[in-house]
Amino acid sequence: MPRDAARREGGPMAFDPVETLAAIAAWAPDRRWYPFKGTDATISLEAVLPVRDDVAIVLLRAGSATLQVPVALRDEPGDAPIGQVEGGWLVDAAHDADALQSLLQPSASVEVDGVVPPASSVRVISGEQSNTSVIGDASPAWIAKVFRVVDEGDHPDVVVTGALTRARNDRVPALVAATRATWQHDGRTRSAGLVAVSEFVAGADDAWELVRGDAVRALRGEPRDELDVADLGRAVAEVHVSLAETLGARGADEAASAAFVASLRDRVAWARRESRGALAHLDDRIDAHVETLDALRVGLVQRIHGDLHLGQVLRQPGRGYLLLDFEGEPLRPLAERLLPEPTERDVAGMLRSFDYAAGSAALECGVDVADAADWAASTEAAFLAGYRSVRGEGDPALIRALLVDKALYEVVYEVRSRPDWVPIPRSALERLLA
Ligand SMILES: Nc1ncnc2c1ncn2[C@@H]1O[C@H](COP(=O)(O)OP(=O)(O)O)[C@@H](O)[C@H]1O
Ligand SMILES: O=P(O)(O)O[C@H]1O[C@H](CO)[C@@H](O[C@H]2O[C@H](CO)[C@@H](O)[C@H](O)[C@H]2O)[C@H](O)[C@H]1O
């Protein structure tokens, strides 16, 4: 009998903690999702949660985070080897159809809310991502998002997408199932969401590619397709309306407004600290902006997307635009990402994204971003008209403050991830703070 099958049928626990940790610690820092690249964060073992004799969920402590690495033991290295261990190969279970699906069924370690139809094969999607998303070719097809950074408590994507699914809002892919585990660490019981499984939206286009491509064609004077950006505005507004209805909205009192303004001030200070000098020439203008924040008042707050940009949007022929990934900004602590917020934050996020599309198209065409100003203005106007047709657009002063807030975040994000793109949010700040 092959070793994999023998393990499935019982026998001693196959995952030796010492060699499992050694193999994963050597492999994890080079993964796309590893959050501490370029630093020497200490990696230790937080827990090994058995799923089957040949499958386990390894929880690592890395720096201040808990990371999820589902693993399987196999005779062959396969497509996603982690390392050789006694008796076989430790492989990344997210890439192994059989092992992945065992993680989506109830087991000694995992609770599952929902039912995942069986798939005969799985495909991990490529791209720069903070999680690992795997498409299952079931009927109907699904996409499982394996959260790599595991935070205690409810996962925001599961809470928000679950509420929208129950409200039958078809502007998000329906949530099919969600898994969670409970374990002991340092004498404490911890519990967290591990995987969210959603309807796979087939044949969809990525809105970033569509909109950026449109900006390039506009700059080159080439014929353009009808993108119906107003439908994107309607999609965002419909999601806001459903979230208010299902998860609630409330008026922000003086204290809540003051706390919100304080959070904007904190973000300015954070961005100044973390931007490695990229904001130094704007010091005076940023000081003047901070002075204006005291006058801001927040109206309603509710659950929102929190990191809305074109990369989080798909367009499916016949269905229109859909929003993905309700996790909030990855560089923010989870507690902040769970707070109710003004919907203006999502509106500002999308407007920033049109500016990014303009900036990136201008870079590709070798022209100044000012040359894409007409394209950006008409795209923004179409989006806002669509949004307004469903619900009020919001407070312009708040949108402006949140545009600055987002651009500050983006400078830090680009300094860390894509230094060539720092000029896009920085030149937006120069315009916004002029
Ligand atoms: N339900 C879905 N149907 C089709 N494609 C999807 C779906 N969910 C995600 N994707 C694809 O996977 C990519 C990454 O998904 P996302 O939820 O944004 O993950 P991450 O948090 O890792 O960035 C998306 O940009 C999209 O191309
Ligand atoms: O998709 P994530 O949740 O990981 O978001 C992070 O990465 C985004 C880039 O992939 C980043 O978005 C910024 O760049 C986009 C173009 O690539 C642009 O459309 C966005 O408007 C801009 O903010 C996002 O900020 C970051 O949190």
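**Burial, cores and ligand shells in a predicted two-domain chain**

Tutor: In this predicted model, buried residues make up 41% of the 434 residues in the protein chain. The chain holds 13 helices and 17 strands.

Student: What makes the radius of gyration of the protein chain agree with that of a compact globule?

Tutor: The rule is 2.2 Å times the number of residues to the power 0.38, and for 434 residues this gives a value near 22 Å; the protein chain has 23 Å, so the two agree. Along the principal axes, the C-alpha atoms fill a box of roughly 70 × 45 × 45 Å. Of the contacts between residues at least 6 apart in sequence, 68% join residues at least 24 apart.

Student: Why is A202 called exposed rather than buried?

Tutor: A residue is exposed if 12 or fewer other C-beta atoms lie within 10 Å of its own, and buried if there are 20 or more. A202 has 9 C-beta neighbours inside 10 Å, and therefore counts as exposed. Its place is in the loop between β12 and β13 (205-206). A202 and L331 are 129 residues apart in sequence, and their C-alpha atoms are 30 Å apart in space.

Student: How do you know that ligand 1 lies between the domains?

Tutor: The chain is divided into domain 1 (3-199) and domain 2 (205-432). Both domains give residues to the shell around ligand 1, so ligand 1 lies between them. That shell has 19 residues, of which Q129, N131, P173, V201 and D325 come nearest. The elements giving two or more residues to the shell are β9 (142-146) and β12 (188-199). By class, the shell around ligand 1 divides into seven nonpolar, seven polar and five charged residues.

Student: What makes up the shell around ligand 2?

Tutor: A residue belongs there if its C-beta atom, placed from the backbone, lies within 6 Å of the ligand, and 14 residues surround ligand 2, with H309, L310, R352, S353 and Y356 the closest. Two or more residues come from each of α10 (344-365) and α12 (396-417), and α10 gives the largest share, three residues. The shell around ligand 2 divides into five nonpolar, four polar and five charged residues.

Student: How do you know that domain 1 and domain 2 are in contact?

Tutor: Two residues are in contact if their C-beta atoms lie within 7 Å, and 15 residues of domain 1 are in contact with 21 residues of domain 2. On the side of domain 1 that touches domain 2, the residues divide into seven nonpolar, three polar and five charged. The C-alpha centres of the two domains lie 31 Å apart.

Student: Which residues have the most contacts inside the largest nonpolar core, and where do its members come from?

Tutor: A core is a set of buried nonpolar residues joined through C-beta atoms within 7 Å; the largest has 60 residues, and V236, V313 and A358 have the most contacts inside it. To this core α12 gives the most, with 11 residues, while domain 1 and domain 2 each supply at least three residues. Apart from this core lies another, of 50 residues, among them L49, L59, A94 and A178.

Student: Which residues does V313 touch, leaving aside those up to four places away in sequence?

Tutor: With those residues not counted, V313 touches A207, L232, Y321, L322, L323 and L324.

Key:
Residues numbered from 1 in each chain as written. Chains lettered and ligands numbered in written order. Predicted model: local features only at pLDDT ≥ 70, side-chain atom pairs only at ≥ 80, totals over all residues. Helix = DSSP H or I, 4+ residues; strand = E, 2+ residues; numbered from the N terminus. Nonpolar A, V, L, I, M, F, W, Y, C, P; charged D, E, K, R; others polar. Domains from an automatic or database assignment.
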